Amino acid sequence: MNFSLSFLWLALAYLIGSIPTGYLSVRLVRGIDIRTFGSGNTGGTNVGRLMGRKWGVGVIVFDMLKGALVIGLFRLAGLPNWLVMCGALAAVLGHNYPIWLGFRGGKGVATTFGTLFFCALPWSAAAIALAGVVWGLCLYLWRMVSLASLIALTAAPVLLALAKVPAESVWLGVCLALLAFWRHRSNVGRIMRGTENRIGQK
């Protein structure tokens, strides 16, 4: 596949990922910009703080489906595996840095899980389901969404490797985990200082 066609596919993946689900939901229902509230991010966690758990979960599910859609389209087109993985990365970058919102988006956790879940079926699904269990356990223990997400995303490439998925999928997991740490760098600082918000905290 030539460079121009590969670039067009990656641009499509970016545009799918950049659909600002959280922003649109809050703008349409409340008439405000979610980026002016809470953490300033457009992801489901921040939406949930403002509009309630059901809305937050809905945004998270849709953001996961954006990643799944990119994987599905690339697979249906018969694209090489390396390009599928690059498309997954482009989708997460689109979510994090959407062109429509001045490149101010979410932190990419849901879209990351969506891409990794479908990246190398069926074993990737089993691995990421286990990562989801890790996320839930960490959330139960420490009640910090950011910490639970970072631990689960750190575990994800390890679990993918143990599941013996193609190496490209494991490296995708590593790249997305590193990107998540970059996007959560302010949260990491607050975790280290003991000031990170916890679920249920006023």
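Start in the loop between α7 and α8 and select Arg143, which sits there. This is a predicted model, and in it Arg143 has a positive phi of about 60° although it is not a glycine. Colour by accessibility and Arg143 comes out as partly exposed, with a relative accessible area of 40%. As background, most residues other than glycine have a negative phi, and most peptide bonds are trans.

**Further backbone stops**

Now move to Lys164, in the loop between α8 and α9 (167-183). Here too you will find a positive phi of about 60° on a residue that is not a glycine. Is Lys164 buried or exposed? Lys164 is exposed, at a relative accessible area of 74%.

For the next backbone feature, select Leu121 and Pro122 and look at the bond between them. The peptide bond joining Leu121 and Pro122 is cis, with omega about 0°. Pro122 belongs to the loop between α6 and α7 (123-142).

**Two helices side by side**

From that loop, step back to helix α6 (residues 109-118) and show helix α8 (residues 145-162) along with it. How do the axes of α6 and α8 cross, and within what distance do they come? The two axes come within 11 Å and cross at roughly 15°. Angles under 35 degrees count as roughly parallel, so α6 is roughly parallel to α8. Turn the view until one helix lies in front of the other, and you can follow α6 as it passes α8 in a left-handed crossing.

**Aromatic pairs**

Show the aromatic side chains next. The structure holds three aromatic pairs, and this tour visits Trp9 with Phe74 and Phe117 with Phe118. Select Trp9 and Phe74: their rings are edge-to-face, 5.1 Å centre to centre, with 75° between the planes. Trp9 lies in helix α1 (residues 3-17) and Phe74 in helix α4, so this pair ties together parts that are 65 residues apart in sequence. Phe74 counts as buried, at 1% relative accessibility.

Then select Phe117 and Phe118. The ring centres of Phe117 and Phe118 are 5.0 Å apart and their planes stand at 65°, so this pair is edge-to-face. With the surface switched on, Phe117 is partly exposed at a relative accessible area of 28%, and Phe118 is partly exposed at 32%.

**Charges over rings**

Keep the rings on display and add the arginines. Arg183 lies over the face of Tyr97, at 4.8 Å from the ring centre. Which ring has Arg185 over its face? That ring belongs to Trp182, and Arg185 is 3.8 Å from the ring centre.

**Salt bridges**

How many salt bridges does the structure hold? There are three, and each can be selected in turn.

- Asp33 and Arg35: their side chains meet in a salt bridge of 2.8 Å, N to O. Asp33 is buried, with a relative accessible area of 15%, and Arg35 is buried, with a relative accessible area of 16%.
- Lys66 and Asp63: this salt bridge has its closest N and O atoms 3.3 Å apart. Lys66 and Asp63 are three residues apart in helix α4 (residues 53-76), so about one helical turn separates them. Both Lys66 and Asp63 are buried.
- Glu196 and Arg190: the closest N and O atoms of this salt bridge are 2.8 Å apart. Glu196 is buried, with a relative accessible area of 8%, whereas Arg190 is partly exposed, with a relative accessible area of 27%.

**Last stop: helix α5**

Finish by selecting Leu93 in helix α5 (residues 81-96). Leu93 is partly exposed, with a relative accessible area of 31%. Add Leu83 and draw a C-alpha to C-alpha distance: Leu93 and Leu83 are 15 Å apart in space and 10 residues apart in sequence.

Key
Residues are numbered from 1 along each chain as its sequence is written. This is a predicted model: local features need pLDDT of at least 70, side-chain atom pairs count only at pLDDT 80 or more; totals for chains, interfaces and linings use all residues. Side-chain values use heavy atoms; hydrogens and water are left out. A salt bridge is a side-chain nitrogen of Lys or Arg within 4 Å of a carboxyl oxygen of Asp or Glu. Buried means under 20% relative accessible area, exposed over 50%, partly exposed in between (1.4 Å probe, protein chains only). Helices (H or I, at least four residues) and strands (E, at least two) are DSSP runs, numbered from the N terminus. Rings of Phe, Tyr and Trp (its six-membered ring) pair if their centres lie within 6.5 Å; planes under 30 degrees apart count as stacked, over 60 as edge-to-face and the rest as tilted. A charge sits over a ring if NZ of Lys or CZ of Arg is within 6 Å of the ring centre and within 35 degrees of the ring normal. Axes are lines fitted to C-alpha atoms, for helices over the stretch in contact, and angles run from 0 to 180 degrees between N-to-C directions. Angles under 35 degrees count as roughly parallel, over 145 as roughly antiparallel, 65 to 115 as roughly perpendicular and the rest as oblique. A crossing is left-handed if the near helix is turned anticlockwise from the far one by less than a right angle, and right-handed if clockwise.
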